[in-house]
Amino acid sequence: MKWNADLYDQKHAFVFKFGEDVLALLDVKAGERILDIGCGTGHLTKQIQDKGAIVKGTDYSPDMIAQAQTLFPDVDFAVENAADFYTEQKYDAVFSNAALHWVLDANGAIKSIYDALKPGGRFVAEMGGKGNVTRLLEAIRLVLQNHGYHEQADTKVWFFPSTAEYAKLLEDHGFRVTFTAHYDRKTPLLDGDQGVAKWVTMFGAQFLEGIADDEKEQILKEITQKLEPYYNESGQWYADYKRLRFIAVKE
Ligand code: BEZ
């Protein structure tokens, strides 16, 4: 999937703004080596470095990494596949905010992360959890089906696991899960009644692949109409986010 890194920074800054309190969970100590997986445009990676850590940010998207390098030239970034990577350098902690739900091969990611940690190292992350953006997904699927796009409607784009599901994967790979939480966090969308269309265009582009622009516009309008009763609170629109957070230790 191709990302628009400028649009991401201008309109979806909430991704890394909310991530700032996941950083508190990471509890960076000066001098630690930290790997930030799915770092996007690198805002949190930079904050980790500013706390005195030796940090590397990785992302699957070359566009995101290019933007990160432009914004923060003093931070180490690389394009890498979270589902399948190997590093000689071992880390005190692996961090990830709002990225792991994109990695459908969760086993591959957890195995790679386990191997990347020093013994005693920690894996601290937040991702979309079970039930995340359910209303949005239902609306996208229903409207696509109504337009005859059954294949697009069935596209599997994200993995939103329950606490038990992800904890089991972590344990199967040798981690001890020391903290986990699964909670609602309704998330404001910018640009009023244009917010849903912008969100779907940015994050759900795979659902719309192969559809002509004018029909796409109509589909986005219908998705917005379906969501309005749930998402529009006196002009401020909110998406039904559910977060899964955890700390897992390599013992
Ligand atoms: C999320 O952070 O929950 C999310 C972001 C983009 C697409 C799907 C979920």
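**Entry 1: the second largest cavity**

I began with helix α8, which gives the most to the lining of the second largest cavity, namely four residues. The model I am reading is predicted, so I note that local features need pLDDT of at least 70 and side-chain atom pairs count only at pLDDT 80 or more, while totals for chains, interfaces and linings use all residues. Residues are numbered from 1 along each chain as its sequence is written, and side-chain values use heavy atoms, with hydrogens and water left out.

I looked up how the search was done: on a 1 Å grid over the protein atoms alone, a cavity is a set of points where a 1.4 Å probe fits but cannot get out, a pocket is an open set with protein on both sides within 12 Å along at least five of seven lines, and lining residues have an atom within 4 Å of a point. Volume is the space filled by probe spheres set on the points, which are joined across faces, edges and corners. Helices (H or I, at least four residues) and strands (E, at least two) are DSSP runs numbered from the N terminus.

The count comes to two cavities of 30 Å³ or more, and the second largest has a volume of about 30 Å³. I found its lining to be T163, Y166, A167, L170, V177, T180, L244 and F246, with α8 (163-172), β6 (175-184) and β10 (242-250) each supplying at least two residues. By class I read six nonpolar, two polar and no charged residues, where Ala, Val, Leu, Ile, Met, Phe, Trp, Tyr, Cys and Pro count as nonpolar, Asp, Glu, Lys and Arg as charged, and the others, Gly among them, as polar.

**Entry 2: the second largest pocket and α10**

I then turned to the second largest pocket, whose volume is about 460 Å³. Its lining holds 18 residues, of which Q194, A197, E217, L220 and K221 lie nearest the centre, and the elements giving two or more residues are α9 (195-203) and α10 (213-231). The largest share, eight residues, comes from α10. Here the lining divides into six nonpolar, four polar and eight charged residues.

Which residues of α10 are buried? I list I219, L220, E222, I223, T224, L227 and Y231, with buried meaning under 20% relative accessible area, exposed over 50%, and partly exposed in between (1.4 Å probe, protein chains only). These buried residues pack against α6 (134-146), β7 (187-189), α9, β8 (232-233) and β9 (236-239). I also noted that α10 bends by about 30° at Q225, with a proline, P229, following within four residues; the bend is the angle between axes fitted to the seven residues ending at a position and the seven starting there.

**Entry 3: H147**

H147 sits in the loop between α6 and α7 (150-153) and counts as partly exposed because its relative accessibility is 23%. Not counting residues up to four places away in sequence, I see H147 touching E215, Q218, I219 and E222, with contact taken as heavy atoms within 4.5 Å. The side chain of H147 makes polar contacts with the side chains of E215, at 2.9 Å, and of E222, at 3.0 Å. A polar contact is a pair of N or O atoms within 3.5 Å; within protein, one must be able to donate a hydrogen and the other to accept it, and residues adjacent in sequence count only if both atoms are side-chain atoms. H147 and E215 are 68 residues apart along the chain, and their C-alpha atoms are separated by 9.0 Å.

**Entry 4: R122**

I placed R122 in strand β5 (residues 117-128), and it counts as buried because its relative accessibility is 16%. The R122 side chain joins that of E32 in a polar contact of 2.9 Å and reaches the backbone oxygen of D27 at 3.4 Å. Leaving aside neighbours within four places in sequence, its contacts include L26, V28, D92, V94 and I247.

**Entry 5: backbone and burial checks**

I looked up two positive phi values outside glycine: V133, near 40°, and S234, about 55°. Are these residues buried or exposed? V133, in the loop between β5 and α6, is buried at 1%, whereas S234, in the loop between β8 and β9, is exposed at 84%.

Helix α3 (residues 43-50) is mostly covered, with six of its eight residues buried, and G52, which follows α3, has a positive phi near 100°. Last, I checked M202 in helix α9, which is buried at 4%.
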